[in-house]
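Student: I am new to this structure. Please give me a close look at one part of it, and then show me how the rest can be read in a similar way.

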Amino acid sequence: MKILAIRLKNLASLAGEHTLDFSQGPLQESGLFAITGPTGAGKSTLLDALCLALFGNTPRLRSAPARDSQTPDVEGEQLVTADPRTLLRRGTASGFAEVDFVGRDGSHYRARWSVRRARNRPEGRLQASEQALIALPDERVLASQKREFDRLLPDKLGLTFEQFTRAVLLAQSEFSAFLKADDNARSELLEKLTDTGLYSRISVAAYQRTRQASDEIKRLESRLEGELPASAEQRKAMEADAEQAEQAWQTVQARADALKARRAWLEQEYQLRESWQQAVTARQQAEKAHAALADQRTRLTQLDALAPQAHRFLRQRELKRDLADLLDQQENTRRALDQAERQQRDGQLDFDAAQRRASQAYEARQQAQPLLDEASRHAQRLDDLTRDIDAQQRERQQLAHNLTNTQQALSAKRDEHSHSQAELQQLEGRLGEHGSPAHHRQALQQAEDQARQRLMALEEARHAWQHWQRLTQQQSALETQQQQDRQAQEKTTAEGRDARLRLEQAEQQAQRVRESIERLRAVRSESVEKLRAQLQADAPCPVCGSLEHPYRHQPPASPAQEMLEQTEREEERQLSEATERLEAARELHQALTARYRTLQAQLTQRQEPLDEATRATAEAYQTLDALATGRELLAQDEAQRGDWLEAQLSSARHQRDDRQQALHQFDQDQQRLAPLRETLTGLTVEIGRLDSQAQQQQQRLEQIDASLTPRIAELDTLRQTLTQQLGEYANVAQWRNALERDVTDADKRLNNARTTLDAARQAHQRLSLQLEHSATQEATARREMETLESELQAWREAHPTISDTTLEQLLGMDDAAQSELRARLQQADQSLRDSQLRAQERFTTLKEHRHGQLDPALCDDPEACVSHIEALATTLQREEVELAPRQQQAQQQRDDTLHLLRDDDRRRRAMRALQTELDAARAEQRRWGRLSSLIGSADGKAFRRIAQAYNLERLLEHANTHLTGLSRRYRLVRGGSPSGY
C-alpha cells in the first residue's frame, strides 16, 4: 500500500480545497518529512482527512474521552462528539476528503468521503455522509454504498482501521504501545504490513503434514493387522487339496464332454429334421399358390395378343369423345354468335347518343367563357384587397402589443429607479453614521481577530485537556491490568501447588500399578490349574483381582490361553489408565507453570509502559497548566470542566461569527455603493428612451386606422358583385371546373361507347371463324373413325374368345398393372422351383448326418430310424441327470481350493505392499515431525513469531537510521522475547 495524494475541502481548521500530491515534486523526492505548524494550523486535519477518506473515521474521534456526549448543530440538531460529520468546517455547506493510493494488487484506487448540508446551504441540516471507492485511471466506481465500501476497502488496502492506526498512522503516545505489544499481536500486524503470510502458512502446513503422516501410519498398521497370510504348513495343505480337486474335476469333465458331444449330435438331428419338414411345407404351399394363378396366366396371354392393336382401340375411344365435344362446342358457338350480333346493334345506338352529348358540352363551355373571364378579374382584385387589409391589421395588432410592452417596461424602470434611489439614500446614511469608514472597518477587524484568538486558545486548551484525560485513562487501565495480572499470578501459584501435589500422587499410583502387574506376571509362571484350585469365594483372584470366579468349577475348553489373554487385557487397561492420569497431571502442571511465567513476563513487560504513561500524564498536565485558558479550565470543578469548556467554546464561536458577520456586512455595503449610483444613471437614460419609443408607436397606429376605412368599403362592393356572377358556385374555379367536368364526362362516355362497339364487332368475327374451324375438325374425325372401325372389326373376328367385357378390362389395365401381373406370375414360378430344390437339399443333408452315427440299413427305414433316435435321447438324458451333481460337486471343490490359494496370494502381496507403504509413511512422519517440532503449530504462530521478530529487527534498524538523522539522543528498541517466543 502506498499513498499517492490527499485532497480535502472545508474540514476542521482548513477552509477551501487543499491538495497534497506525493507523486510529484518536491514530496516525491522526499524520503522523510515532517508536518509542522502552530496549534490550529491544520496538521491533525490532514491526518483526519487521510483516515476519513479510507475508513470514514479518525483515531482522535474514536478515542475521545467524551465521544458519546452531545454537541449542538444548526436548527437545534444534536450530534455526538464522535460523529465524523462534526469535522465539517462551520459556516460551510459541504466538504470532502479524498485519498489516491496503490492497492495491495498494484492497481491505483481513490477513496472518497463527503458530507453536505441540506440544500447546499450553510444553515441546512447535516445529511448522511457518503463513501465511494473508485478505480483509477478510468474512474470506474467500484462501491458507492457504505456496506460494500467497508467490504472492499480492507481487501484493496490490505489493512483494517485498527491495523492502519497501529502501524501506519499512530496517534500521539501510541507508538511505544506498538513496539511493546506482545509477540502474537505484533507478529499478526507485521505479517499484514509486510505481506509475509507465507511463514504462517508454512507453520500450519508443517503441523498438518505431521498429523497426516501420523494418521497414515495408524491407518496402515490397522490394515496390516487384518491382512495376515497363511502359514507354510497351511499353504502346503491348501496346495495338496487343490491338486486333488483338479484331478477329480478333470475326470468328471471328460465324461461331461462325451455326453455333450452326443447331445450336440441330437440337437443337430432335431434342427435338420425340422428344417427338412419346413422345406416340405413350403414346397406344398408354393404348388398351391402356382395352381391358384391359372386365370391370371390366361389374362396375361390375352394381353400379349391385344398389345399390337391396343393403341387403335384407345384411339377409337378417344375419337368418340372428341366428336361429342365438337358437337357441343358448335352448339355453344352458334348461341354466342347470336348474342354478339345483338351486342353489336346496342353498341351502335349507345355510340350515336354519346356523340350528341359531347357536342352539347363543348357548346356550353364556349358560351360561358366571357363571363368566366370577367368573374376572374373581380376575384383577383378581391384577393389583393383582402391581403392588403390583413397585412395592415396584423401590423396594427403588433404595434398595439409593442406599445403595451413599452408602457409596462417604462413603468417598471420608473419603479426600479425609485427603489434604487431609496436604497442609495439608506446606504449613504448607514455608512455615514460611524464617521470615517476606514476607522470603522479597522475596529471591526480588531474585534474579529480577538474573537478568533480566544477561540483558538480554547481549542488548544481542549486538545491539551483531552490529551491529559486520555493519558490518565490509559494509566488507570494499565494499573488495573497490572493488578489483575498480579491477582491471576497469585491464583496460578496456588493452583500450581495443587497440581504439583496431584502430579506426585499420580506418579506414586502409576508406580504401584506397575509393581503390582510385575508381581502378577511373576505369579502367572505357576500352573493355572493350581491357581484355580486355590481360588476362594468372595476372595480376590491373585491374577486379575476379581471377586467372581466363573471358571473355578467349569473351566473353558482352553483355560490357560483364554485366562492369560483376559489377564493381560485387564493389566493393560489398568496400566493405561494410570499412565493417562499421570500424563494429565503432568500436562496440567506444565500448563500452570507456563501460565505463571507468562504472567510474570507480562507484569515485567507492562511496568515500563506504566512508568511511561505516568510520566506522559504529568507532562500533559504541565502543558495544560502552562496555557492561560488551561489554568481557567483547571480552576473549575472537575465534574464541570467539560461543560464549562464547551460553553466557553460555544460562546467564543458565536462571538467570532458575529464579528465576522459585521465585518462582512460593512464590506458588502462599501462594494454596493458605487454600482448602485451607476445603476441610477443608466435607469434615467433608459426611461427617456422608452418614453420616446412609446410616442412613435402611438402615431403609427393612428396612420393605419385612417388608411383601413376606404379599403374595407371597396372590399364589400366587390364581394356583392362576384356573388351575383357566380350564382350557385362558390368561386370562379368551381364554375370553370364544373364546365370542364361536363366536357370530360361526355368525352369519356363517347370513348366507352366506341370501345364497346369495336369489341362487339371483333367478337362476332371471332365466333364466325371458330364455327367454321369446328366443322372442319368434325369431318376429319369422322373419316378417321370409319377407317379404325373397319380395321378393328377384322381383329375381333380373328379373336372370338375376347368378349367386349374382357376387352374393356384389358384396355383398362395400365402399364404398371401389367408389369405387376407379369412379375407376380414370374415370382410364383420361381418360388415353386426354389422350394422343390430346397426340400431335396435338406433331405440329403439329413441322411448324411444320420449315416455318420447310425447303421445305413436303419437309415433307409425313416420310422425305425426316428424310433431309434428317440431311444438314444432318453438314454442320454438319464446319463446327464446322473452326472450333473457329480460335476457340480467337483467344480465347487476345485473353485474353493483355488479361491483359498488366490486369497492367500493376495494377502501376501497386500502385506508386502502395506509394509512398503508403512516404511515410507514412517520415514515421512520422522521428516515432518522434526520440522514441525521446530516451526509447526495449528494456528501458524510458531514460525510467524520467529519470522516477524526478524522482520521487526530489520524495520527497527531502518527506523533508527532515520531517527539518527533527527536526533542522536534516542533509539528505538522493542519489548517481548528476543527469539519471538
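Student: Is Arg656 buried or exposed, and what is its relative accessible area?

Tutor: A caution comes before the details: this is a predicted model. Arg656 is buried, because its relative accessible area is 14%, and the cut-off for buried is under 20%. Its partner is Asp657, and the two side chains meet in a salt bridge of 3.3 Å, N to O. Asp657 counts as partly exposed, because its relative accessibility is 31%. So this pair joins a buried residue to a partly exposed one.

Other salt bridges share partners. They join Arg7, Glu98, Asp100, Arg110, Arg112 and Glu139 into one network. Side chains of opposite charge can pair when their charged atoms come close. In total, the structure holds 30 salt bridges.

Take one link of that network. Glu98 forms a salt bridge with Arg112, and their closest N and O atoms are 2.4 Å apart. Glu98 sits in strand β5, residues 94–102, while Arg112 sits in strand β6, residues 108–116, so the pair ties together parts 14 residues apart in sequence. Glu98 is buried, with a relative accessible area of 10%. Arg112 is partly exposed, at 25%.

Now look at the strand that holds Glu98. Eight of the nine residues of β5 are buried, so the strand is largely enclosed by the rest of the structure. It has strand partners too. Nine bridges join β5 to β6, and these two run antiparallel. One of the matched pairs is Phe101 with Tyr109 of β6. The two strands make a hairpin with five residues between them. In that turn, Gly106 has a positive phi of about 85°.

β5 also pairs with β1. That pairing is antiparallel and runs over seven bridges. Here Ile3 stands opposite Phe101 of β5. Phe101 therefore has a bridge partner in β6 as well as a residue opposite it in β1. In a regular strand the side chains alternate between the two faces of the sheet.

Follow β1 onward. Strand β1, residues 2–11, pairs with β2 in the antiparallel sense over six bridges. Leu11 has Leu14 of β2 as its bridge partner. β1 and β2 form a hairpin with two residues between them. Ala12 lies in the turn and has a positive phi of about 50°.

Beyond β2, residues 14–21, comes a loop that leads to α1, residues 43–55, and Phe33 lies in that loop. Phe33 counts as partly exposed, at 41% relative accessibility. Together with Ile35 and Leu47 it forms a nonpolar patch on the surface, with about 250 Å² of accessible area for the three together.

Go back to β6 and move on from there. The loop between β6 and β7 holds Arg119. Asn120 is found in that loop too. Arg119 has a positive phi of about 60°, although it is not a glycine. Asn120 has a positive phi of about 55°, and it is not a glycine either. Arg119 counts as exposed, at 58% relative accessibility. Asn120 is exposed as well, with a relative accessible area of 51%.

After β7 there is another backbone detail. The peptide bond from Leu136 to Pro137 is cis, with omega near 5°. Pro137 has its place in the loop between β7, residues 130–136, and β8, residues 140–143.

Next, a salt bridge within a helix. The side chains of Lys146 and Asp150 meet at 3.7 Å, N to O. They are four residues apart in helix α3, residues 146–157, which means about one helical turn separates them. Asp150 counts as partly exposed, at 37%.

Further along the chain, Glu619 lies in helix α13, residues 559–626. It is partly exposed, at 39%. The C-alpha atoms of Glu619 and Trp468 are separated by 8.5 Å, although the two residues are 151 apart along the chain.

Last stop: Asp855, Asp860, Asp861 and Glu863 gather in a patch of negative charge on the surface. Asp860 has its place in the loop between α19, residues 856–859, and α20, residues 862–935. Asp860 counts as exposed, at 58% relative accessibility. Compare the starting point, Arg656, which is buried.

Note on methods: Residues numbered from 1 in each chain as written. Predicted model: local features only at pLDDT ≥ 70, side-chain atom pairs only at ≥ 80, totals over all residues. Heavy atoms only, no water. Patch = residues over 30% accessible without salt bridge, like charges linked within 9 Å, V, L, I, M, F, W, Y side chains within 5 Å. Areas by Shrake-Rupley, 256 points an atom, 1.4 Å probe, with all protein chains shown as cover. Salt bridge = Lys/Arg side-chain N within 4 Å of Asp/Glu carboxyl O. Buried < 20%, exposed > 50% of the residue type's maximum accessible area, 1.4 Å probe, protein only. Lys, Arg positive; Asp, Glu negative; His and termini not counted. Charge placed at Lys NZ, Arg CZ, Asp CG, Glu CD.
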